[in-house]
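Please read this briefing alongside the sequence and the coordinates, going through it topic by topic.

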Amino acid sequence: MTVVVVGAGPVGVTAALLLAQRGIDVLVLDRHSSAHPQPRAVHLDDESLRVLQAAGVADAFAAVSRPMAGLRLLDGAHRTLVEFRRGAGEHGWPQASMFDQPDLEAVLRAALVAEPRAQLRGGVEVLHVEHDAGPIRLVVRDAGVEEELLADAVLGCDGANSTVRRLIGAGMRDLGPAERWLVVDLVADVPLDVWPGVHQVCDPVRPATFLPIAGPRYRAEFRLSDGETAADLDLPALLARFGAAGCTVTRAAEYTFAAQVADRWRSGRVLLCGDAAHLTPPFIGQGLGLGLRDVHQLTWKLAAVLAGADDALLDTHQAERAPHARSLIRLAVLLGRLMTGGGDRAALVRRAVLAGVRRLPRLAAFASASRTPPLRPGPLVRRPRFAPRSPVGSLLPQPPIAGPERLDDVLGPGWAVLTAGGPVPVAWPGRVVRVADLGSPELARWLGRRSVLVRPDRIVAASVSS
Ligand SMILES: Cc1cc2nc3c(=O)[nH]c(=O)nc-3n(C[C@H](O)[C@H](O)[C@H](O)COP(=O)(O)OP(=O)(O)OC[C@H]3O[C@@H](n4cnc5c(N)ncnc54)[C@H](O)[C@@H]3O)c2cc1C
């Protein structure tokens, strides 16, 4: 069985690593011969690090990243309006990590080179994907020569302008207006005297973001008004407001940030993941995190289908991932709206209320604990209705356990049942692990008298209380 992954960005390479671990041969194709050189993502949450852990690269990622203190919303005069702290978290990794995307991509590609089941071919552009009956046929161009390849499944991880998305007839749906921002990367000779977290300036005149990345690197972002270009900005003066006037500007690039989700994520065994399926404004640093969770939640299902399970299992990809993506993208749009209002604390709250009361609890949960929304109920998420405190649909926590291993490693690559000792439904698949044997009072407290069914991607699928 061979899966072709189109796109060797961070999402495609992570998908390839996860599939290869499940014994599947993977061919990754990218039109460029090397990784994207420009810094893009700078923040990942601890849920995303669980995915990197599953892919076997979390420790290598920790070596090129640093934990981050949290998020501050500032007014136009740079006074703090609200502060959301980030710390150790419940997933065994820092709740927020800062890094340079090229460093993460180097870590992922190094792991791929060491994976005998995976192969990366750079300089190969995918032109066509045909998928009637039998194997999927891809037409690719390598050094000007067209070639045909066959695959049992294709993952379109080919980014914002996805060819695969177009070829399966999918389009993007807007969830908010696109905005133009100037993104400025900086290097300081001596460390700047700034709070080590993300500063979001809520100023209607010039919304801005400032954050330390890792080592001597910093990033500043300034929203551009209609018709305005980077040349119209007094960049030294804007940087001086963050104490960064003396930094060297290594790059200043204009980006249009969209808020979009694809209307169709699958055609047969051709499936979309990452930026090909959704585009997120950067305010909550979730664009890449969403893509990593896409492939963590898809690859075990695809492996099961390739091993003989019903293809209907793949229907759950869009059904689970699209509402989750929409929810987070709407939060990013909401935060963007809060940022453009300026004023005092009362004005901020007023705008938050106007922007949508229903979404406030979700914003609070996300801002205070970096918790992303649970998956909606479905065949693999047996979440009772009206049970806001149910763990079903969310990631199992990963507190420390006795011994050198982490919880995910002890649970193994398949389904698992974590139990306090009460009766476990006979229909539940997977290895049974008693919480008392794990040496984790924290996990025992979280579980209480429950038994939970945990999917291979560590999402809690069902829960019973004894
Ligand atoms: C300025 C900026 C800041 C950001 N900050 C954050 C952040 O802090 N946190 C966060 O989580 N996210 C952030 N993001 C978003 C994040 O960078 C993206 O979500 C992430 O790069 C998407 O990864 P991907 O693998 O899906 O796509 P990409 O990284 O775009 O990779 C797609 C790959 O597909 C290849 N490809 C395309 N078409 C074809 C074809 N036809 N044939 C072969 N290959 C093809 C491309 O060459 C490319 O290598 C930010 C983005 C920007 C621009």
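What follows is a grouped summary of strand pairing, helix packing, domains, the ligand shell and selected residues.

The structure is a predicted model, and its chain is assigned a domain 1 (2–65 + 100–173 + 262–313) and a domain 2 (379–466). Helix H7 recurs below, since H7 gives the most to the shell around the ligand, with four residues, and is also named, together with H2, among the elements that give two or more residues to the side of domain 1 that touches domain 2.

**Parallel strands and the crossover**

- Strand S1 (residues 2–6) runs parallel to strand S2 (residues 25–30), and five bridges pair the two; within this pairing, Val 6 has Leu 29 of S2 as its bridge partner.
- Between S1 and S2 the chain passes through helix H1 (residues 10–21), and the resulting β-α-β crossover is right-handed.
- S2 also pairs with strand S8 (residues 118–122), again in the parallel sense and over five bridges, with Leu 27 standing opposite Gln 119 of S8.

**The eight-stranded sheet**

- Eight strands form an open sheet with mixed pairing, and their order is S6-S5-S14-S15-S16-S13-S17-S20.
- Strand S6 (80–85) and strand S20 (278–279) each have a single partner strand, so each of these edge strands has one side left without a neighbour in the sheet.
- Inside this order, strand S5 (residues 70–74) and strand S14 (residues 198–201) run parallel and are joined by four bridges, one pair of bridge partners being Leu 73 and Gln 200 of S14.

**Helix H2 and its surroundings**

- Helix H2 (residues 46–54) is mostly covered, with nine of its nine residues buried; among them are the residues Asp 46, Glu 47 and Arg 50, as well as Leu 49, Val 51 and Leu 52.
- The buried residues of H2 pack against H1, S3, helix H3 (58–63), strand S7 (96–98), H7 and helix H11 (407–411).
- Just after H2 comes Gly 56, which takes a positive phi of about 85 degrees.

**Contact between the domains**

- The C-alpha centres of domain 1 and domain 2 are 28 Å apart, and seven residues of domain 1 are in contact with eight residues of domain 2.
- On the side of domain 1 that touches domain 2, H2 and H7 are the elements that give two or more residues, and the largest share, four residues, comes from H2.
- By residue class, that side of domain 1 divides into two nonpolar, three polar and two charged residues.

**The shell around the ligand**

- The ligand is surrounded by 35 residues, of which the closest are Gly 7, Gly 9, Gly 159, Gly 274 and Gly 287.
- At least two residues of this shell come from each of H1, S2, strand S3 (43–45), strand S9 (124–130) and H7, and H7 gives the most, with four residues.
- The shell comprises 14 nonpolar, 15 polar and six charged residues.

**Two residues of helix H7**

- Asp 294 lies in helix H7 (residues 287–306) and counts as buried because it has 31 C-beta neighbours inside 10 Å.
- Leaving aside neighbours within four places in sequence, Asp 294 is in contact with Val 11, Cys 273, Gly 274, Ala 277 and Arg 321, while its C-alpha atom is separated by 16 Å from that of Val 4, which is 290 residues apart from it along the chain.
- Val 305 also has its place in helix H7, but it is partly exposed because 18 other C-beta atoms lie within 10 Å.
- Apart from neighbours within four places in sequence, Val 305 is in contact with Asp 311, Leu 313 and Leu 314; its C-alpha atom and that of Val 5, 300 residues apart along the chain, are separated by 16 Å.

**Backbone angles to check**

- Most residues other than glycine have a negative phi.
- His 78, although not a glycine, has a positive phi of about 65 degrees; it lies in the loop between S5 and S6 and counts as partly exposed, with 14 C-beta neighbours inside 10 Å.
- Ala 143, likewise not a glycine, has a positive phi of about 50 degrees; it is found in the loop between strand S10 (136–142) and strand S11 (145–151) and is exposed, with 7 other C-beta atoms within 10 Å.

Notes
Residues are numbered from 1 along each chain as its sequence is written. This is a predicted model: local features need pLDDT of at least 70, side-chain atom pairs count only at pLDDT 80 or more; totals for chains, interfaces and linings use all residues. Two strands pair if DSSP finds at least two bridges between them. A crossover is right-handed if, with the strands pointing away from the viewer, the path from the first strand over the helix to the second runs clockwise. A residue is buried if 20 or more other C-beta atoms lie within 10 Å of its own, exposed if 12 or fewer, and partly exposed in between; C-beta atoms are placed from the backbone. Two residues are in contact if their C-beta atoms, placed from the backbone, lie within 7 Å. A residue is near a molecule or strand if its C-beta atom, placed from the backbone, lies within 6 Å of it. Ala, Val, Leu, Ile, Met, Phe, Trp, Tyr, Cys and Pro count as nonpolar, Asp, Glu, Lys and Arg as charged, and the others, Gly among them, as polar. Domain bounds come from an automatic or database domain assignment.
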